Amino acid sequence: MTSVAPVILLAAEKESAEVTDWAARVGWVVGLGLFVALVYWLMREGWKWRGTLQSDLPELPAAPDEPGPAKLGMSGRYHGSTTAGQWLDRIVAHGLGTRSRVELTLTDAGLDVVRPGAADFFVPLAALREARLDKGIAGKVLTEGGLLVVTWAHGDKLIDSGFRSDHAAEHNEWVETLNDMINKTETEGAR
């Protein structure tokens, strides 16, 4: 029994050591806060610089007053736009890099992209090039086929825009319908 008493006394005596160097601790906290602020500022400046480099991109078209009846509609998320074929080269000019909720409407006139809290835009049918299912676009990677990617021409640049429906089963119908409309437009233009 005598061996148990010293162990209990040692356990009762253990306490945390008091911090005696408050100046060093405060210095480290302030230094870490300044480092985080610097990294955030550098990321923000990089975003603005990318927008400046892409300033040659023309203004985004607005939807026509009478686009016609809706062929398809979808609500979901807009994940951004990139240079076509370069899934990591994000386009930030004119708000195309801003992720947001989205309401897509496909009509005979084209694709209407309505984004609450971000700039809306319209892709005329003649500018649409392709629709496909993919797994990623700058900053967003999903399972295979989890992202609807629409390729379209704007000015002299081809752009991939990534969308994810609230109901992923809708993606296949969108790809088929968009590609059918694009093919019909191309064959009619070739005549």
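In the predicted model, Arg132 and Asp160 are joined through their side chains by a salt bridge, with an N to O distance of 3.2 Å. This contact connects distant parts of the chain, since Arg132 belongs to strand S6 (residues 128-134) and Asp160 to strand S10 (residues 157-165), 28 residues apart. Asp160 has a relative accessibility of 4% and is therefore classed as buried, the cut-off for that class being under 20%. Arg132 has a relative accessible area of 22% and is therefore partly exposed.

Arg132 also forms a salt bridge with Glu130, for which the closest N and O atoms lie 3.8 Å apart. Glu130 is partly exposed, its relative accessible area being 35%. Both of these contacts of Arg132 belong to a network of salt bridges that links Glu130, Arg132, Asp134 and Asp160. Side chains of opposite charge can pair when their charged atoms come close.

The structure contains six salt bridges. One of them is formed by Lys71 and Asp108, whose closest N and O atoms are separated by 3.2 Å. Lys71 is located in the loop between H2 and strand S1 (72-83), and Asp108 in the loop between S3 and strand S4 (110-114), so this salt bridge ties together parts of the chain that are 37 residues apart in sequence. Both partners are partly exposed: Lys71 has a relative accessibility of 43%, and Asp108 has a relative accessible area of 46%.

A nonpolar patch of about 640 Å² is found on the surface. The residues that make this patch are Leu32, Phe35, Val36, Val39, Tyr40 and Met43. Val39, one of these residues, is part of helix H2 (residues 22-53). With a relative accessibility of 34%, Val39 counts as partly exposed; this value is compatible with membership of the patch because the residues that form patches have over 30% relative accessible area.

Confidence in the prediction varies along the chain. The average pLDDT of the chain is 84, and 89% of the residues score at least 70. Among the elements of the chain, strand S3 (residues 100-106) has the highest mean pLDDT, at 93, whereas the lowest mean, 57, belongs to helix H1 (residues 4-13). Where pLDDT is low, the predicted coordinates should not be read in detail.

Key: Residues are numbered from 1 along each chain as its sequence is written. This is a predicted model: local features need pLDDT of at least 70, side-chain atom pairs count only at pLDDT 80 or more; totals for chains, interfaces and linings use all residues. Side-chain values use heavy atoms; hydrogens and water are left out. pLDDT is the predictor's confidence in each residue, from 0 to 100. Helices (H or I, at least four residues) and strands (E, at least two) are DSSP runs, numbered from the N terminus. Patches are made of residues with over 30% relative accessible area and no salt bridge: like charges are joined within 9 Å, nonpolar side chains (Val, Leu, Ile, Met, Phe, Trp, Tyr) within 5 Å. Accessible areas come from the Shrake-Rupley method with a 1.4 Å probe; for residues, only the protein chains shown count as cover. A salt bridge is a side-chain nitrogen of Lys or Arg within 4 Å of a carboxyl oxygen of Asp or Glu. Buried means under 20% relative accessible area, exposed over 50%, partly exposed in between (1.4 Å probe, protein chains only).
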